[in-house]
Amino acid sequence: SIIESKVDSILHVVNNQMSTYIKSSEISNFNKSSTNFIKPSKEFRYTLDYAKRLARLTNGMFDITIIPLLELWGFSESKNDWTPPSEIDIYNLLQNTGNDKWSLTNEFLYKNITNVKIDVNAIAKGYAVDIISHLFKNLGYMNFMVEIGGEVYCSGFKKDSKEWTIGIEIPDTQTRSISKIVKLINKGIATSGDYRNFFKFEDRIYSHIINPQTGHPIDHSLASATVIA
């Protein structure tokens with residue numbers, strides 16, 4: 001259908017600009033390029049602008065340059081015999097990370113140091129959800145739900161004129177059961193936690209959520225967080 005074609009086109013644009021899994025995407029070309037700048041497409045630039053805003057709002061805790069640390073800790077591939085990386089390797093990579101290592105100036109994306117890499121996967125899915133939601137509304141649809149990889153937006157009502165109901169999982173590594181059900185109208189929701197993507201070594205859990213200031217996985221008792229906006 002026309003709608004499916006438009007949605008596919010949006011996803012194609014987002015992937016070809018911002019997916020680190022597509023080797024020919026804009027972000028992949030920037031990461032592997034020996035030159036220190038590119039002119040990002042409109043959608044990519046919008047996401048980068050938002051990443052800078054989030055970095056300021058979180059005092060640097062939101063950081064799109066930690067992809068080398070994720071790779072070092074093994075979260076970019078499956079490993080059976082996993083061990084934590086050495087402190088010297090973590091320290092060395094920290095020299096190439098940080099929100100001061102990249103910049104947006106006069107519509108260009110710059111590397112402020114040669115070895116910096118960026119990854120906007122934390123917000124690119126949510127951006128795609130927003131764009132698809134705007135598409136539906138522009139076409140006259142007010143009652144719908146859009147979901148991409150756990151990022152959700154609920155507009156209007158379900159077909160039975162009731163609110164949309166979204167389940168939030170119990171943050172448990174062994175089960176997949178619901179902790180809470182929330183009802184949404186014209187709101188988005190997303191959950192992140194340490195209970196699905198992690199490694200275990202000597203009875204300690206290492207989460208995929210990296211603290212960009214230390215280079216280590218987060219180490220506190222908070223298991224998951226849900227944001228409704």
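Colleague: Strands are DSSP runs of E, at least two residues, and are numbered from the N terminus, as are helices. In this predicted model, where does Ser161 lie?

Modeller: The phi of Ser161 is near 65°, a positive value in a residue that is not glycine. Its relative accessible area is 58%, so Ser161 counts as exposed. Its place is the loop between strand 5 and strand 6 (164–169).

Colleague: Is Asn59 buried or exposed?

Modeller: Asn59 sits in the loop between helix 3 and helix 4, and its phi is near 55°, again positive in a residue other than glycine. Exposed means over 50% relative accessible area. Asn59 has 65%, so the class is exposed.

Colleague: Which strands stand at the edges of the open sheet?

Modeller: The sheet has four strands, with antiparallel pairing, in the order 4-5-8-11. An edge strand has a single partner, so one of its sides is left without a neighbour in the sheet. That applies to strand 4 (144–148) and strand 11 (224–228).

Colleague: What is the average twist from one strand to the next?

Modeller: The twist refers to the open sheet with order 4-5-8-11. From one strand to the next it averages 10°.

Colleague: Which residue is the bridge partner of Cys154 in strand 8?

Modeller: Strand 5 (residues 151–155) pairs with strand 8 (residues 187–193) over three bridges, in the antiparallel sense. The partner of Cys154 in strand 8 is Lys187.

Colleague: What angle does the direction of helix 6 make with that of strand 4?

Modeller: Helix 6 (residues 121–138) packs on the sheet and touches strand 4 and strand 5. The angle between its direction and that of strand 4 is about 155°.

Colleague: What geometry does the ring pair Phe37 and Phe108 have?

Modeller: The whole structure holds twelve aromatic pairs. In the pair Phe37 and Phe108 the ring centres are 5.5 Å apart. Planes over 60 degrees apart count as edge-to-face. The planes here stand at 80°, so the pair is edge-to-face.

Colleague: How many residues apart are Phe37 and Phe108?

Modeller: Phe37 is in strand 1 (residues 37–38) and Phe108 in strand 3 (residues 108–111), so-called distant parts of the chain. Phe37 is partly exposed at 38% relative accessibility, and Phe108 is partly exposed at 26%. Their separation along the chain is 71 residues.

Colleague: What class does the pair Trp82 and Tyr206 fall into?

Modeller: The ring centres of Trp82 and Tyr206 are 5.1 Å apart. Planes under 30 degrees apart are stacked, over 60 edge-to-face, and the rest tilted. With planes at 55°, the pair is therefore tilted.

Colleague: In which strand is Tyr206?

Modeller: Trp82 is in the loop between helix 4 (67–72) and helix 5 (87–94), and Tyr206 is 124 residues away. Both Trp82 and Tyr206 are buried. They belong to one aromatic cluster with Trp73, Phe75, Phe199 and Phe201. Tyr206 is in strand 10 (residues 204–207).

Colleague: Which residue in strand 10 is the bridge partner of Phe201?

Modeller: Strand 9 (residues 198–201) and strand 10 pair over four bridges in the antiparallel sense. They form a hairpin with two residues between them, and in the turn Glu202 has a positive phi of about 50°. The strand 10 partner of Phe201 is Arg204.

Colleague: Over the ring of which residue does the charged end of Lys111 sit?

Modeller: A charge over a ring also occurs with Lys52, which lies over the face of Trp102 at 4.0 Å from the ring centre. For Lys111 the distance to the ring centre is 5.2 Å, and the ring is that of Phe30.

Colleague: With which residue does the side chain of Thr20 make a polar contact of 3.4 Å?

Modeller: Thr20 is in the loop between helix 1 (2–18) and helix 2 (26–32), and its relative accessible area of 15% makes it buried. Beyond its neighbours within four places in sequence, its contacts include Ile27, Ser28, Ile67 and Ile118. The polar contact of 3.4 Å joins its side chain to that of Asn121.

Colleague: How far apart in space are Tyr50 and His208, C-alpha to C-alpha?

Modeller: Tyr50 is in helix 3 (residues 42–57) and is partly exposed at 37% relative accessibility. In sequence, Tyr50 and His208 are 158 residues apart. In space, their C-alpha distance is 22 Å.

Terms used
Residues are numbered from 1 along each chain as its sequence is written. This is a predicted model: local features need pLDDT of at least 70, side-chain atom pairs count only at pLDDT 80 or more; totals for chains, interfaces and linings use all residues. Side-chain values use heavy atoms; hydrogens and water are left out. Two strands pair if DSSP finds at least two bridges between them. Axes are lines fitted to C-alpha atoms, for helices over the stretch in contact, and angles run from 0 to 180 degrees between N-to-C directions. Contact means heavy atoms within 4.5 Å. Rings of Phe, Tyr and Trp (its six-membered ring) pair if their centres lie within 6.5 Å; planes under 30 degrees apart count as stacked, over 60 as edge-to-face and the rest as tilted. Buried means under 20% relative accessible area, exposed over 50%, partly exposed in between (1.4 Å probe, protein chains only). A charge sits over a ring if NZ of Lys or CZ of Arg is within 6 Å of the ring centre and within 35 degrees of the ring normal. A polar contact is a pair of N or O atoms within 3.5 Å; within protein, one must be able to donate a hydrogen and the other to accept it, and residues adjacent in sequence count only if both atoms are side-chain atoms.
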